[in-house]
Amino acid sequence: MCIRDRDNIEKQQLYQVLIKVDRLTLQAILLQIHGYSIAEIAAALGMKEDTVYKRLGRLKQKIKKLLG
């Protein structure tokens with residue numbers, strides 16, 4: 001299998017994980033990617049910082065499991 005095929009498969013798998021994620025978790029990860037702090041994300045989404053950490057942690061675990 002060439003690298004390009006593997007990249008496409010990983011992208012498809014990542015897409016499958018992300019489309020199953022609830023809207024708030026997806027918004028949180030996008031804000032984090034854009035450089036917002038956990039405190040800023042929590043304030044923007046109206047949730048506790050601990051909740052943001054938990055949501056992001058669960059999503060990261062799913063992605064790690066996917067990518068091995």
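**Note on the packing of helices 2, 3 and 4**

1. In this predicted model, helix 2 (residues 23–33) packs with helix 3 (residues 38–45) at an angle of about 140 degrees, and their axes lie 10 Å apart. Angles over 145 degrees would count as roughly antiparallel and those of 65 to 115 as roughly perpendicular; the two helices are therefore oblique to each other. The crossing of helix 2 past helix 3 is right-handed.

2. On the side of helix 2, the contact is made by L24, Q27, A28, L31 and Q32, while helix 3 contributes I38, I41, A44 and L45. By residue class, this contact comprises seven nonpolar and two polar residues, with no charged ones.

3. Within helix 2, the buried residues are T25, A28 and I29. Around the axis they cover an arc of only 95 degrees, which places them on the same side of helix 2. An α-helix has 3.6 residues a turn, so residues three or four places apart point the same way. The buried residues of helix 2 pack against both helix 3 and helix 4 (49–67). A28 is thus listed among the buried residues and also takes part in the contact with helix 3.

4. V52 belongs to helix 4. Its relative accessible area is 0%, and V52 is therefore buried. Leaving aside residues up to four places away in sequence, V52 touches I38, I41, A42 and M47. Of these, I38 and I41 also belong to the helix 3 side of the contact with helix 2.

5. V52 and I9 are 43 residues apart along the chain, and their C-alpha atoms are separated by 29 Å.

Key:
Residues numbered from 1 in each chain as written. Predicted model: local features only at pLDDT ≥ 70, side-chain atom pairs only at ≥ 80, totals over all residues. Heavy atoms only, no water. Axes fitted to C-alpha atoms, helices over the stretch in contact; angles between N-to-C directions. Helix = DSSP H or I, 4+ residues; strand = E, 2+ residues; numbered from the N terminus. Parallel < 35°, antiparallel > 145°, perpendicular 65-115°, else oblique. Left-handed = near helix turned anticlockwise from the far one by under 90°. Contact = heavy atoms within 4.5 Å. Nonpolar A, V, L, I, M, F, W, Y, C, P; charged D, E, K, R; others polar. Buried < 20%, exposed > 50% of the residue type's maximum accessible area, 1.4 Å probe, protein only. Arc of directions from axis to C-beta.
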